Amino acid sequence: MMSNTQQLQDFTTQVRRDILRMVHAVNSGHPGGSLGCAEFLVTLYQDVMKRNEGFDMNGIGEDLFFLSNGHISPVFYSVLARSGYFSVAELATFRKLNSRLQGHPTTHEGLPGIRMASGSLGQGMSVAIGAAQAKKLNNDNHLVFALLGDGELQEGQNWEAIMYASAKKVDNLIATIDLNGKQIDGTTDEVLSMGSVKAKFEAFDWIVLEIKEGNNIDAIKAGLADAKSKSGNGKPVCILLHTEMGNGVDFMMHTHAWHGKAPNDEQLAKALEQNVETLGDY
């Protein structure tokens, strides 16, 4: 675990390199959202969550994380590998036949760190709520974290879960929404506008916090500390994380074009120049 901002930044830069190389190697995957959530997941795993040595699916006596927007698996796999869950060398098998690192995380291959499969979007909130309630039943006072995409909130099951979590006072849950305003076909406002996500969560009686600089590690650390301090008060906590899709690669930012598109050789070289090697490439 590390708390030094520069260490976390160096870790994030290496994760960005991993994402770019993984997606390029198989000419498929989702670099945009992965790059946008790199700072958040690095900070969560390297600075915030209380994690046990090793991995077991029960997760008793530690904080848990569930990735709902599973298409950003490149960033998840990189952070897990570099956090010690499995060999960094295995990142080279991303999206290959019979690999444990599929396009969306799966559980049947037993990849350490993966607690749920996330094929169809919109289901992770429900799983996280179930895990949070299980912790209460087990008198385990650790927290459950979940990450969802903003476009994913267009799916209805989320709102049943969001309603349920407040009704049942699931106050050991911290759900983060990646608010980058983009999805595969354009902006979220163009595809299916949700209006004010903040107003909606507040209407469902959640505590709602915002991290305006969702790609700033110090801002993320402060926001997560605030969220943890507000847990246990009878209400679930939602963080609205304002990120930039494609963050850290200038030509991938401010567009939805890189939601699910791999860079070619020339683009990869240019992107890697902007993210120098820090922890060693796989």
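This section describes the fold, the central sheet and the nonpolar cores of a predicted model of a protein chain.

The protein chain comprises 10 helices and seven strands, and its C-alpha trace extends over about 50 × 45 × 35 Å along the principal axes. The radius of gyration of the protein chain is 18 Å, which agrees with the value near 19 Å that a compact globule of 282 residues would have. Of these 282 residues, 55% count as buried. Among the contacts in the protein chain with a separation of 6 or more, 76% are made by residues 24 or more positions apart. An unreviewed UniProt entry lists residues 19-271 under "domain: Transketolase N-terminal"; over residues 19-271 the chain is 37% helix and 13% strand, with the end C-alpha atoms 11 Å apart.

Five strands are assembled into an open sheet with parallel pairing, in the order 1-2-3-7-6. Strand 1 (64-67) and strand 6 (207-211) are the edge strands, each of which pairs on one side only, and the twist from one strand to the next averages 20°. At one edge, strand 1 is joined to strand 2 (residues 144-149) in the parallel sense over four bridges, and within this pairing Phe65 has Phe145 of strand 2 as its bridge partner. Helix 9 (residues 217-230) packs on the sheet, where it touches strand 2, strand 3 (173-179), strand 6 and strand 7 (237-242); the direction of helix 9 makes about 170° with that of strand 6.

The two bridge partners Phe65 and Phe145 recur in the description of the nonpolar interior. In soluble globular proteins, nonpolar side chains tend to be buried together. In the present model, the largest nonpolar core contains 54 residues, of which Leu44, Tyr45, Phe65, Tyr77, Phe86 and Phe145 touch the most other members. When its neighbours within four places in sequence are left aside, Phe145 is in contact with Leu44, Val48, Met49, Asp63, Leu64, Phe65, Phe66, Ile174, Leu224 and Lys228. A second core, separate from the largest one, consists of 28 residues and includes Ala128, Ala161, Ala165 and Ala175.

Taken together, the contacts of Phe145 relate this core residue to the surrounding elements: Phe145 touches Leu64, Phe65 and Phe66, positions that fall within strand 1 (64-67), and Phe145 is also in contact with Ile174, Leu224 and Lys228, of which Ile174 belongs to the range of strand 3 (173-179) and the other two to that of helix 9 (residues 217-230).

Conventions: Residues numbered from 1 in each chain as written. Predicted model: local features only at pLDDT ≥ 70, side-chain atom pairs only at ≥ 80, totals over all residues. Heavy atoms only, no water. UniProt positions renumbered as here; feature names shortened; annotations may be inferred. Pairing = 2+ DSSP bridges. Axes fitted to C-alpha atoms, helices over the stretch in contact; angles between N-to-C directions. Contact = heavy atoms within 4.5 Å. Core = buried A, V, L, I, M, F, W, Y, C linked by side-chain atoms within 4.5 Å. Buried < 20%, exposed > 50% of the residue type's maximum accessible area, 1.4 Å probe, protein only. Rg over C-alpha atoms; globule rule 2.2 N^0.38 Å.
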